[in-house]
Amino acid sequence: QSALASKKPLNEKSPCKRFVLYYHDTLFNGTDAANATSATVANKTRLGDFNFGMLVVFDDPMTKDNHLLSPPVGRAQGFFFYDKKNEYNAWFAFTLVFNSSEYKGTLNIMGADLMPQKTRDLSVVGGTGDFFMARGIVTIETDTLQGDFYFRLKMDIKLYECY
Amino acid sequence: QSALASKKPLNEKSPCKRFVLYYHDTLFNGTDAANATSATVANKTRLGDFNFGMLVVFDDPMTKDNHLLSPPVGRAQGFFFYDKKNEYNAWFAFTLVFNSSEYKGTLNIMGADLMPQKTRDLSVVGGTGDFFMARGIVTIETDTLQGDFYFRLKMDIKLYECY
Amino acid sequence: QSALASKKPLNEKSPCKRFVLYYHDTLFNGTDAANATSATVANKTRLGDFNFGMLVVFDDPMTKDNHLLSPPVGRAQGFFFYDKKNEYNAWFAFTLVFNSSEYKGTLNIMGADLMPQKTRDLSVVGGTGDFFMARGIVTIETDTLQGDFYFRLKMDIKLYECY
């Protein structure tokens, strides 16, 4: 009965649910409140030249394709901050919020965004509603990066515990 | 042996442990340090009119009934921030800390507080001590809201993984 | 089939993987950018005398022994803040990032650092790479504390779900 602690019931290549969404972050520059969906709440420090400590809160649209203006199928609500003094690197915690005919519920996610790597894995640590008690992995990839003021991530959401 | 990934061993209506507690947040206004149990650490931004980005750290009492002055049975230690430009909405991460004859240990919780909804679900993503390795859902409901300076949440804590 | 909700398949004394590492936090004082690996991004508030609300972002080295200058075997990337008005107490969320011949992958961790206790338990809420879908407990202990500017934690990392 201590199976969980020693067996390998999960197969990295066989998620029980999988879908790809695009995350669009448009940072408030002080004048574009109509378009912006995120804002800096703590400024970068003077430790290094890569925004160390800059903390951004977001309520970003999630779309099925990579067009910013496609109809959102959910929102990503949470924060990230930069955390490395000698290169760009970040850390994220957020909730994917779904309220459509397809899905209702949330997925809670956290992890390191190791920006120098082409793809990075975050953890899905819980879920609610249609995603009741889910766990899994979100593989993210930078799809475009336009200075500080717009970037887009492709998020490959793979759940390995589905109930 | 990939049972976990496809079966439904958990039943949303049958938590293995369940209890209700009330969370009391009294925000520091600069002069009431004796009563306050939370404080703003980053001010709201100018993105919208709903405190976007305002970040609050708290060490709030948890009680069995909805009276602020009832003896606390635990503390909620963590933070929340507002994150929507066109309505009030928040995001929480915190630990429920118990150190009583009834329970010793912690529950770690995170998720979106979709304030326009009557009830909102957060994820219990881990636990320690008497709650070793627990997972579950916390359903929160606003019990009272007195401006910025006091609000109370009813928290219905439902664990589905108990060890 | 609701076994998970009622059984005790995990044994607190028998993790499926266990290792000890040391965490070194050197706070930026404005002039030591070469050595510092963390920085204050939100200042303490005036609520109490124990740094309430002071928020620190870090990218700290993890070593196998307690020497700051030993070769790091990983990094701890995340943040902590102080959250109690009448004593020192903190809250952490971070990712342990490994990229060595021994381990490649991440562990995601959060929880309360109840500083007055000799040892405190945080939750490992997810993992990636070699730690795919891991969960567990990190028991931390203050190994040394040199004012605000350097402290070291012993971290006893115990995984109970290994895949």
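**Note on the disulfides and chain symmetry**

1. At 29% relative accessibility, C16(A) counts as partly exposed. Its partner in this predicted model is C162(A), with the two sulfur atoms 1.9 Å apart in a disulfide. C162(A) has a relative accessibility of 16% and therefore counts as buried, the cut-off for that class being under 20%.

2. The link of C16(A) and C162(A) is right-handed, with 85° about the S-S bond. It connects distant parts of chain A: C16(A) sits in the loop between α1 (3-6) and β1 (17-26), C162(A) in the segment after β9 (150-161), and 146 residues separate them.

3. In chain B, C16(B) and C162(B) are joined by a disulfide with an S to S distance of 1.9 Å. This link is right-handed, at 85° about the S-S bond. C16(B) is in the loop between α1 (3-6) and β1 (17-26) of chain B and C162(B) in the segment after β9 (150-161), so the disulfide ties together parts 146 residues apart in sequence. C16(B) is partly exposed at 29% relative accessibility, whereas C162(B) is buried at 16%.

4. Chain C has a disulfide between C16(C) and C162(C), S to S 1.9 Å. The torsion about its S-S bond is about 85°, so the link is right-handed. C16(C) is partly exposed at 30% relative accessibility, and C162(C) is buried at 16%. Over all chains the count is three disulfides.

5. A turn of 120° with a shift of 0.0 Å along the axis lays chain C on chain B with an RMSD of 0.0 Å. This is the relation of a three-fold axis. The C-alpha of chain C nearest the axis belongs to V125(C), 3.4 Å from it.

Note on methods. Residues numbered from 1 in each chain as written. Chains lettered and ligands numbered in written order. Predicted model: local features only at pLDDT ≥ 70, side-chain atom pairs only at ≥ 80, totals over all residues. Heavy atoms only, no water. Least-squares fit on C-alpha atoms with pLDDT ≥ 70 in both. Disulfide = S-S within 2.5 Å. Helix = DSSP H or I, 4+ residues; strand = E, 2+ residues; numbered from the N terminus. Buried < 20%, exposed > 50% of the residue type's maximum accessible area, 1.4 Å probe, protein only.
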